[in-house]
Amino acid sequence: MGSEAKTIAKGIQKISFIDKVKPHVELIAAGLSGVLIAVGWLFDQYNQEADSIIAYLLAFVIGGFFKAKEGIEATYENKDLNVEMLMIFAAVGSAIIGYWTEGAILIFIFAVSGALETYTMNKSHKEISSLMELQPEEALLLINGIEKKVAVSELRVGNHILIKPGERVPADGVIIKGRTNIDEAAITGESMPVSKGNEDEVFAGTVNLSGSITVQVTKASSDTLFQKIIQLVQSAQSEKSPSQQFIERFEGTYVKIVLLVVIAMFFLPHFLLGWSWHESFYRAMILLVVASPCALVASIMPATLSAISNGARHGILFKGGVHLENLSHLGAIAFDKTGTLTKGKPEVTEVIIKNGLDRDTLVWKAASIENHSNHPLAQAIVKYAKQTTGKDLLHPDSLEDVPGWGIKAEIDGEQWRIGKAAFVSRGTAENAADPGDVRAKELASQGNTLVYIEINGETSAIIALKDVVREETKVAIDQLKKQGIQTVMLTGDSEKTARAIASESHVDEFFAECLPETKVDHLRQLKTKYQTVGMVGDGINDAPALAIANVGIAMGEGTDVALETADVVLMKNDLPRIAEAVSLSQRMNRIIKQNVIFSISVIVLLISSNFFQFIDLPFGVIGHEGSTILVILNSLRLLRN
């Protein structure tokens with residue numbers, strides 16, 4: 001048994017290793033191809049021609065396998081030629097005329113490109129898996145008062161399910177019994193839990209924080225709001241950009257033209273211009289080499305990689321050159337509120353005390369009571385008390401949590417109530433009079449959440465809390481405005497709160513009470529108006545909007561799904577870096593245009609010179625590779641700050 005167990009363990013380890021390596025096999029093949037090219041070049045230096053050819057052949061086979069397979073399969077399926085096929089012909093043509101190094105380098109460039117495409121696809125699948133993990137697989141179905149654990153897929157509209165404290169809601173529905181606080185961050189992205197009672201809606205994927213509730217299912221598992229988020233991400237990622245569509249349309253035509261011209265050069269110069277067969281073949285092979293896309297690839301990739309490296313040094317992670325390129329075309333950029341424009345956690349902004357009471361003592365006792373609650377507002381009050389009073393907290397004599405309303409406690413013989421206004425005003429009208437009533441209304445209009453404190457039947461204090469705007473938010477928004485970019489805030493908060501935060505953060509416009517699907521709708525409208533639109537967010541609920549935007553930007557401290565879905569990640573949650581990224585994108589696009597114009601001009605010159613027999617193969621290679629080196633050196637300027 002011992003040896004069998006060891007054999008099984010080794011087998012599992014082997015499978016595990018294969019699973020880890022499999023997603024990176026194309027990148028490994030590309031790297032190995034590069035090593036073989038270097039080996040072949042070294043053999044050339046020592047005049048070991050046979051060995052160098054073997055090394056180059058291996059580089060061709062190993063590096064070009066995946067792209068050649070892709071090109072052949074696509075040609076067979078679509079009945080149309082593509083750039084992959086041109087790469088194969090150009091590489092073989094280079095080898096035929098004795099220039100193995102150029103052919104192998106061409107193979108290597110395409111191999112790296114294919115590896116990056118596969119890596120991106122794997123990342124896309126991973127983010128969907130992360131979303132799926134947040135939806136429960138089982139639910140407690142109530143049948144005649146008896147609990148039965150069933151798969152979520154078995155739930156039907158009209159079923160009653162029991163959801164206990166701490167559990168995720170398995171299906172969309174309506175509460176028919178019980179009261180609780182629900183953390184809806186997965187859906188709305190807002191940090192403040194929402195009080196829910198009879199007839200209130202709950203959504204799959206949200207978390208029941210405090211009380212047990214009975215919910216009547218209103219939607220099948222495939223139609224829940226959470227499933228819509230997943231579907232929106234998938235559909236948004238499948239949408240192709242206009243440039244990609246143009247390239248795909250142009251690709252077949254480009255390859256056919258080059259191949260037709262090459263084939264024509266095999267015969268026409270011989271019959272029309274009197275060239276020998278050897279000369280015609282020789283010129284056709286030179287054409288196949290100089291017409292290869294190596295120079296154009298070098299015009300873009302080094303510039304892109306240099307810009308990406310520059311961004312990484314400054315805490316901006318780009319997931320691809322296309323996203324960096326799109327940044328310079330932004331007409332508008334939308335921001336999620338919580339955790340993006342704001343800190344994402346409530347903080348005490350003001351404490352209003354009834355005349356005659358000691359402020360520090362009241363805050364200290366209130367925090368002692370709230371310390372027994374895990375509600376974000378309670379924890380914010382505790383944190384504030386510790387910072388302002390510096391005292392150790394007390395233990396209440398008695399304590400009762402009233403889900404959805406607040407908390408009751410006895411401390412030093414005093415009867416305390418802390419919670420909503422309605423919770424502390426259950427006594428007489430005169431006892432319900434708010435201290436600082438005018439100021440309280442003003443604070444509420446500024447987007448603050450008010451927590452009322454009642455002592456022995458009298459309303460004694462109000463604590464105002466707010467998810468405060470980040471210090472750097474205003475600077476970031478102002479910088480973007482100077483660059484001519486429209487700024488928009490999308491939030492699940494109420495109109496009143498959204499207006500206050502929008503004014504404080506300097507954004508041009510805002511949309512309140514947004515669910516994930518309405519955020520996507522607003523993004524589509526903005527894209528229609530401004531063409532190229534960015535989205536900045538940090539939560540699961542932002543994933544569909546991040547995906548549908550031309551450029552999705554995630555905060556580094558955001559959820560895994562947001563980080564995976566986004567095209568750009570701000571590693572240090574530093575919003576002003578967005579304006580820097582836009583400037584970097586503009587620089588990169590200028591250099592790319594310079595490179596493309598220069599490289600195309602050189603290719604046209606080389607093709608013309610070849611036709612008129614002004615250059616031989618060595619000069620063609622020097623011109624072709626020399627232009628590549630020049631555009632790379634130009635691109636490296638982007639490494640500078």
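## Close-up views of a predicted model

**View 1. Lys408 is partly exposed, with a relative accessible area of 27%.** Welcome to the tour, which runs through a predicted model. Lys408 forms a salt bridge with Glu400, and the closest N and O atoms of the two are 3.5 Å apart. Glu400 counts as partly exposed too, at 42% relative accessibility. A search of the whole structure finds 14 salt bridges, and the next two views show others.

**View 2. Asp412 and Lys365 meet through their side chains in a salt bridge.** Here the N to O distance is 3.5 Å. Asp412 sits in the loop between strand S14 (406-411) and strand S15 (414-419), while Lys365 belongs to helix H12 (residues 359-370), so the pair ties together parts that are 47 residues apart in sequence. Which of the categories, buried or exposed, fits Asp412? With 52% relative accessibility, Asp412 counts as exposed. Lys365, in contrast, is buried, because its relative accessible area of 12% is under the 20% cut-off.

**View 3. Lys519 and Asp542 form a salt bridge between buried residues.** Their side chains come to 2.7 Å, N to O. Lys519 is part of helix H18 (residues 516-530), and Asp542 lies in the loop between strand S20 (533-537) and helix H19 (543-548), so this pair ties together parts that are 23 residues apart in sequence. Which residues make up the network here? Asp336, Lys519 and Asp542 are joined into one by salt bridges that share partners.

**View 4. Strand S17 (residues 458-469) is largely enclosed by the rest of the structure.** Why can that be said of S17? Of its 12 residues, 11 are buried, so the rest of the structure largely encloses the strand. S17 pairs with strand S12 (residues 342-353) in the antiparallel sense, over eight bridges; look for Val351, whose bridge partner in S17 is Ile463. Strand S16 (residues 449-455) also pairs with S17 in the antiparallel sense, over seven bridges, and there Tyr452 stands opposite Ile462. The hairpin of S16 and S17 has two residues between the strands, and Asn456 takes a positive phi near 50° in it. When reading the side chains, recall that in a regular strand they alternate between the two faces of the sheet.

**View 5. Strands S6, S5 and S8 form an open antiparallel sheet.** The order of the three strands is S6-S5-S8. Strand S6 (194-196) and strand S8 (207-208) stand at the edges with a single partner strand each, so one side of each has no neighbour in the sheet. Strand S5 (residues 180-183) pairs with S6 over three bridges in the antiparallel sense, and Thr180 stands opposite Lys196 of S6.

**View 6. Phe511 has its place in strand S19 (residues 509-511).** Phe511 is partly exposed, with a relative accessible area of 24%. Leaving aside neighbours within four places in sequence, which residues are in contact with Phe511? They are Val488, Met489, Leu490, Thr491 and His522. Leu490 is 21 residues from Phe511 in sequence, and the two C-alpha atoms are 5.0 Å apart.

**View 7. Helix H17 (residues 495-505) has several buried residues.** These are Thr497, Ala498, Ala500, Ile501, Ala502 and Ser505. Just after H17 comes His506, which takes a positive phi of about 75°.

**View 8. Helix H21 (residues 577-611) has the span expected for its number of residues.** At 1.5 Å a residue, its 35 residues should span 51 Å, and the end C-alpha atoms are 50 Å apart, which agrees. Following H21 is Gln613, with a positive phi near 60°.

**View 9. A nonpolar patch with about 1200 Å² of accessible area lies on the surface.** Its members are Ile263, Phe267, Leu268, Phe271, Leu272, Leu273, Trp277, Phe611, Phe612 and Phe614. Which helix gives the most to the patch? Helix H7 (residues 242-272) does, with five residues. Leu273 lies in the loop between H7 and helix H8 (277-290).

**View 10. The whole protein has 22 helices and 22 strands.** Zooming out, 48% of the 641 residues count as buried. The accessible surface comes to about 30900 Å², and 58% of that belongs to carbon and sulfur atoms. Among contacts between residues at least 6 apart in sequence, 66% join residues at least 24 apart.

Methods
Residues numbered from 1 in each chain as written. Predicted model: local features only at pLDDT ≥ 70, side-chain atom pairs only at ≥ 80, totals over all residues. Heavy atoms only, no water. Patch = residues over 30% accessible without salt bridge, like charges linked within 9 Å, V, L, I, M, F, W, Y side chains within 5 Å. Areas by Shrake-Rupley, 256 points an atom, 1.4 Å probe, with all protein chains shown as cover. Salt bridge = Lys/Arg side-chain N within 4 Å of Asp/Glu carboxyl O. Helix = DSSP H or I, 4+ residues; strand = E, 2+ residues; numbered from the N terminus. Buried < 20%, exposed > 50% of the residue type's maximum accessible area, 1.4 Å probe, protein only. Contact = heavy atoms within 4.5 Å. Pairing = 2+ DSSP bridges. Expected span 1.5 Å × (residues − 1).
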